[in-house]
Amino acid sequence: MSGDNKAPPGLADGAPAPVSSPTPASPPLPPAAATAAGTATGTAAASSSSTTPDEKRNSGQTALDEADMSFGEPLHVSVSRGTSRFRSIQRTYSKSLSLDEEEEAAAGGGGGASGSAFDLSTWLTGRQQQQGPPFAKRVGLVFDGLEVYGDNVSNRHIATLVTPVYKALKLAAHGFGIAKLFSKEQTHRQIIRGMSGVVADGEMLLVLGRPGAGCSTLLRVLGNRRKTYKRIGGTVSYGGLSPQEVERHYRGEVAYNQEEDVHFPTLTVRKTLEFAIQCKMPSSRMLADRAGYQREFLDTLLDMYGLKGCADTIVGNAFLRGVSGGERKRVSIAEQVASGASVDIWDGSTRGLDSSSALDYVRSLRITTDSLHKATLVTIYQASESIYQLFDKVTVIDDGRQLYFGAANAAVAYFYALGIEKPARQTTSDFLTGVTQLHERRVRAGWEDRVPKTAEEFEAAWKASAEFAALQSEVGNFTQQLAQDGRGGEIRAFVDQTKMGSAGHNALRKRSPYTTTFLFQATRLLRREWEILLGGWAELAFKAVYNAAFAIIVGTLFLRLPTTTAGAFTRGGVLFFALLFNSLTAQSEIPKSITGREVVYKHKAFAMYHPAALSIAQTVVDIPFMLLQIVVFSCILYFATGLERTAAQFFIFLLYLFTGCLCLTAFFRLIGNMSPNIDVAHTLSGICLLFMILLVGYMQPPRSMHPWFKWIYWINPLAYGFKALMCNEFRHLQLECTGTNLVPSGPGFDSIDNQVCTLQGARPGVPYVLGRDYLEDGYEFYIKDQWRDFVAVVAFWGFFVIAIALVMEFVEYGNTGYTINVFKRRPPAVPQVAIDEAKDGGSISDTSSKNNAPSDELILANTIFTWRDMDYTVPVKGGQRKLLDH
């Protein structure tokens, strides 16, 4: 690069102070779950605690770490305090080995001993004797020549009533996609173009770019979220592990956190973090005191991230008031720390936070990066200078092209050498983000004709620079170092030691990406689902009142049904309503399944638990509350309508109604998990429920059904449940024939020998109709099949439960972490207020726009916002807490 390369004036006026890459402490700390377990050496850790990465940063950074205020707001995160707490856990909970085991481990056998106690300190000592400095799951991240291709689609529009018709006509006009299969036209669009970089363990990388530049795509691919893209080229390595191997066996080592904070809103902060710690609990081979580790680690997370004051407050969401936005963001960080990932990816996570909360957030990331030797990648829009100084490296991208990658304190000098200077009062992140914006940047005098103007020109200048050559050399050296250290094998051995499971099942557990066993996960999930359900007590109370109210209404409509033939059909109607009502209320499972999907996907990506274990826990938790609702509903409806009052028939009625409700609940939950969105789910459930009701066998007996649709009757769980209820009610019933129900009737027809009842199943000369005859002749229901029908309902329920588990385990829908902007198809005409494009030198020509620009008075009109005596309280355990008081 030619030109004047003197020090840019921006470095003297607010540019970031030099930030050296963190030097690993000796011995290093392993990632959260294993590190906090105390698996590093006690004596060496104590002796090296005075040389933490934080202390090796410059004096300005140290002052920032200890600051209590930012922009007039109190800070809640202390880097030094958080680091010391992690080291305290490390020294306290390490499990010691016997002398023989220590000698064996020091000789090199400690890492692979199967079924014996495992102590990381001795294991690391053995490695240190063999290969030099110890290694504690230091994964790191390197990528080279990364290219990403996605769908070549235009703007997406808001769906309206005519959208399905429009899409169907458009699909038909294009031959239903058949012609597209044989077309050679390029249907993929390149999103990321040949990016490279290295993020070693203990380093933080800031990814900068304007919206639409490709920051989220880069982070999603580096976070191993590849399913939504068509093709990915180049190489990505996580400490010597390929993305495919990480996905199959070490999924929890790479954690991607989306910009939206998704949690179960009715759980408290304490319960949320406690569950995450339990799911990533290392095995007893590494922990001396599992219960003590859990308590201490939870207390450390609450203290380190300033969450003690809201520990017993529900997390909340947009509809349920809970913790603040900054606190919810710190809950996400603490949960990801508890997951024990070695590579942390954070995508736009400061959105919606004020300046002090955003600084707290990044300081929290600095703690985990330094203390746990993580590789951290973050994208932040409009980062303050205090935030920028916390990062070691920065990369600038625009239009999917890499403009710079290197030390954060050298970025301003690099672009200054290209002819772009940083204004004295502009933050470094805003300067780097706006280098390609002609109306924002400031070009050095005399460089107007040489400064790059487009993303392509910036990319060409970057690839021709000495900094790019140094990056390529760093990539090659880091990759070579990974191969020489055998880091991939070290990671595999370390992670395998943290997993639960006996020696007999060790081979199976090694192939699993999960730390804990399926049974352990199911028991913890059962407890969590119970807490979630109790957290929504208002919904449970409403359901109970709702069921009781409908039972009273319907019970009074069919009050004391007669035991004559006149009440035969209406008696069946009561049974049909009882089954149908509980089936309709079971549809509430659909929105629950879809709204909680993002949380399940996040936990699955963190390798916390099998989604199949969650499905089993949800099914078990349903049973007691569903039984309570059925009992309340049945006690009112059954006795109000005058159904057969025998103990056996009443309890069998409860049993059949309960199993039918369980079956339909599982059915609708399956539809919710199978559907890509709630619109499709409601459409499918509506169509299925329509056919199930029409072909249940009540309004249309089986013999009257059309042969084309009768097969639906035989696979209809609602039909089997209805048959069982009808058989239970009519098996001992004797319906008296009176009045006009006897034919012939009238004067002179007084002998029953010459009369017959009009009800199906009647016998000539008999003044009553047996219930079983009525069912056999009218509906083709047979009493002998009563319990077989019940078994069929139970079998359907079991099938749906298994199907739910399989779908939740293997099927994923949605964008899983990013949002898509949608637009009106015909946007309204809005008067445009804009300035002319900047000239090559960066000056702004506003002569032609002055006459059309609105005045200051017009801009400020009707924009007054005032408040007075504002109170704000949040619910906490044992009462309420006031955050704002007048």
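1. Helices H31 and H32. In this predicted model, the axes of H31 and H32 come within 8 Å and cross at roughly 150°. The crossing of the two helices is right-handed. On the H31 side the contact is made by Met726, Cys727 and Phe730, and on the H32 side by Gly771, Arg772, Tyr774 and Leu775.

2. Burial of H32. Helix H32 spans residues 771-778, and its buried residues are Gly771, Asp773, Tyr774, Leu775 and Gly778. The cover over these buried residues includes helix H24 (568-585), helix H31 (717-730) and strand E18 (768-770). Tyr774 and Leu775 are thus named twice: they are buried, and they take part in the contact with H31. Just after H32, Glu780 takes a positive phi of about 60°.

3. Other backbone points. The peptide bond from Val743 to Pro744 is cis, with omega near -10°. Pro744 sits in the loop between strand E16 (742-743) and strand E17 (756-757). Two further residues that are not glycine have positive phi and deserve a separate entry each.

4. Asn224. Its phi is positive, about 65°, although Asn224 is not a glycine. The residue belongs to the loop between helix H9 (215-222) and strand E7 (231-237). Is Asn224 buried or exposed? With a relative accessible area of 11%, which is under the 20% limit, Asn224 counts as buried.

5. Ala607. Here phi is near 60°, again a positive value in a residue other than glycine. Ala607 is found in the loop between helix H26 (597-605) and helix H27 (611-641). Its relative accessible area is 0%, so Ala607 is buried.

6. Nonpolar surface. Ile687, Leu690, Phe691, Leu694, Met699, Trp708 and Phe709 make a nonpolar surface patch of about 740 Å². Trp708 lies in the loop between helix H29 (678-694) and helix H30 (710-714). This tryptophan, Trp708, has a relative accessible area of 67% and is therefore exposed.

7. Salt bridges, count and a long-range pair. The structure holds 32 salt bridges. In one of them Arg210 pairs with Glu440, with the closest N and O atoms 3.4 Å apart. The pair links distant parts of the chain, 230 residues apart: Arg210 is in the loop between strand E6 (204-208) and H9, and Glu440 is in the loop between helix H17 (428-433) and strand E14 (442-443). Arg210 is partly exposed, at 28% relative accessibility. Glu440 is also partly exposed, at 39%.

8. A pair within one helix. Asp370 and Arg366 form a salt bridge, with an N to O distance of 2.8 Å. Both residues lie in helix H14 (residues 355-372), four residues apart, about one turn of the helix. In general, an α-helix has 3.6 residues a turn, so residues three or four places apart point the same way. Both Asp370 and Arg366 are buried.

9. A helix-to-strand pair and a network. The side chains of Glu456 and Arg401 meet in a salt bridge at 3.6 Å, N to O. This pair, too, links distant parts of the chain: Glu456 is in helix H18 (residues 455-463) and Arg401 is in strand E12 (residues 401-407), 55 residues apart. The two partners fall into separate classes of burial: Glu456 counts as partly exposed at 38% relative accessibility, whereas Arg401 counts as buried at 12%. Elsewhere, Lys271, Glu274, Arg527 and Glu531 are joined into one network by salt bridges that share partners.

10. Arg295. This residue lies in helix H12 (residues 290-304). Arg295 is exposed, because its relative accessible area of 56% is over the 50% limit. Its C-alpha atom is separated by 9.5 Å from that of Ile277, which is 18 residues away along the chain.

11. Whole-chain figures. The protein chain contains 34 helices and 21 strands. Of its 886 residues, 52% are buried. Among contacts with a separation of 6 or more, 76% come from residues 24 or more positions apart. The chain exposes about 40100 Å², and carbon and sulfur atoms supply 58% of that area.

Definitions and conventions:
Residues numbered from 1 in each chain as written. Predicted model: local features only at pLDDT ≥ 70, side-chain atom pairs only at ≥ 80, totals over all residues. Heavy atoms only, no water. Buried < 20%, exposed > 50% of the residue type's maximum accessible area, 1.4 Å probe, protein only. Patch = residues over 30% accessible without salt bridge, like charges linked within 9 Å, V, L, I, M, F, W, Y side chains within 5 Å. Areas by Shrake-Rupley, 256 points an atom, 1.4 Å probe, with all protein chains shown as cover. Salt bridge = Lys/Arg side-chain N within 4 Å of Asp/Glu carboxyl O. Contact = heavy atoms within 4.5 Å. Axes fitted to C-alpha atoms, helices over the stretch in contact; angles between N-to-C directions. Left-handed = near helix turned anticlockwise from the far one by under 90°.
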